[in-house]
Amino acid sequence: MSTTASDPLAALGSLPGVPEAVDSVRKAVDRVYGHRVMRRRSNEVTAEAALRGSRGSAALAGADWNLEEVRRRTDFSGEDEARTVGAALRLTAEAGQLLSIWRQSPLRVLARLHLVAAGGATPDDAVGRPRLAGEVVDEPLIEAPLPGAEEVAGRLEGLSRLIIAGGSAPALVTAAVVHGELLALRPFGSHNGLVARTAERIVLIGSGLDPKSICPAEVGHAEQGRAAYVAAFEGYTAGTPEGVAAWITHCGRSIELGVRESTAVCEALQRGAA
């Protein structure tokens, strides 16, 4: 991974294909924000994007429910899939409340996200803290080698410093790196994928790229499929410039697909069909 000491995230923005992805995402987001429905009914678009983003994130975690089932269901206790969907919905609802804390203490936000995701399903002493040496991780889909607890702590601290320091990196780059690092580290005993995708959402909102949270990248990640998601992530973990660039552009495409979904919502609202 090619970086500079002063602004390592910004350096990733110059990897082959990344500037084009950044530009494409920016144009797509601008188009949906310019839709006439957004002037009057943006809250409805935000709510629908949250629902669809939650469904997408849960699908990647193994609970691939129909959107209408997610919309209809009120009880998310019981079977594992229902708890996964419930966790995704709770995380999406929580994301917008944590923006100010994220800029000052990302690790506090990650702890809170795990607490929200766990929802009492994990032993109390394991909730909201990075795993300790010897503790197991229950994480569907991701099978990459699991870093040790000491490495997890060091890399989380480094990621936190980068976020607090800010910099000139495009929102897409920062969001993709946060997402990728959390998937690679799997710092908690459970729900790491859900937490990682929620952290990506927080970066996109807080950066100003998607302040109304109407561009659900989770929709795009799910639409591209679990195999493509894992393959792109494996490129990130390989650490080569090509692999990291492929992960960033994959995340960019996911945002664009989320934009397409919300554009369709806007069109439906305009027609009076939703």
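Accessible areas here come from the Shrake-Rupley method with a 1.4 Å probe, and for residues only the protein chains shown count as cover. This is a predicted model, where local features need pLDDT of at least 70, side-chain atom pairs count only at pLDDT 80 or more, and totals for chains, interfaces and linings use all residues. Residues are numbered from 1 along each chain as its sequence is written, and side-chain values use heavy atoms, with hydrogens and water left out.

**Exercise 1.** Describe the surface and interior of the protein chain.

*Solution.* Start outside: the chain exposes about 12000 Å², with 52% of that supplied by carbon and sulfur atoms. Now look inside: of the 274 residues, 52% are buried (under 20% relative accessible area, 1.4 Å probe, protein chains only).

**Exercise 2.** Work out the fold pattern, then judge how compact the protein chain is.

*Solution.* Count elements first: the chain has 13 helices and 0 strands (DSSP runs, H or I of at least four residues for helices, E of at least two for strands, numbered from the N terminus). Next, compare sizes: the radius of gyration, over C-alpha atoms, is 18 Å, close to the 19 Å of the globule rule (2.2 Å times the number of residues to the power 0.38), so the chain is as compact as a globular protein of 274 residues.

**Exercise 3.** Check the span of helix α13 against its number of residues.

*Solution.* Take residues 241-271, which are 31 residues. Multiply 1.5 Å by one less than that number; the expected span is 45 Å, and the end C-alpha atoms are 45 Å apart, which agrees. Finally, step past the helix: G272, just after α13, takes a positive phi of about 80°.

Technical notes
Buried means under 20% relative accessible area, exposed over 50%, partly exposed in between (1.4 Å probe, protein chains only).
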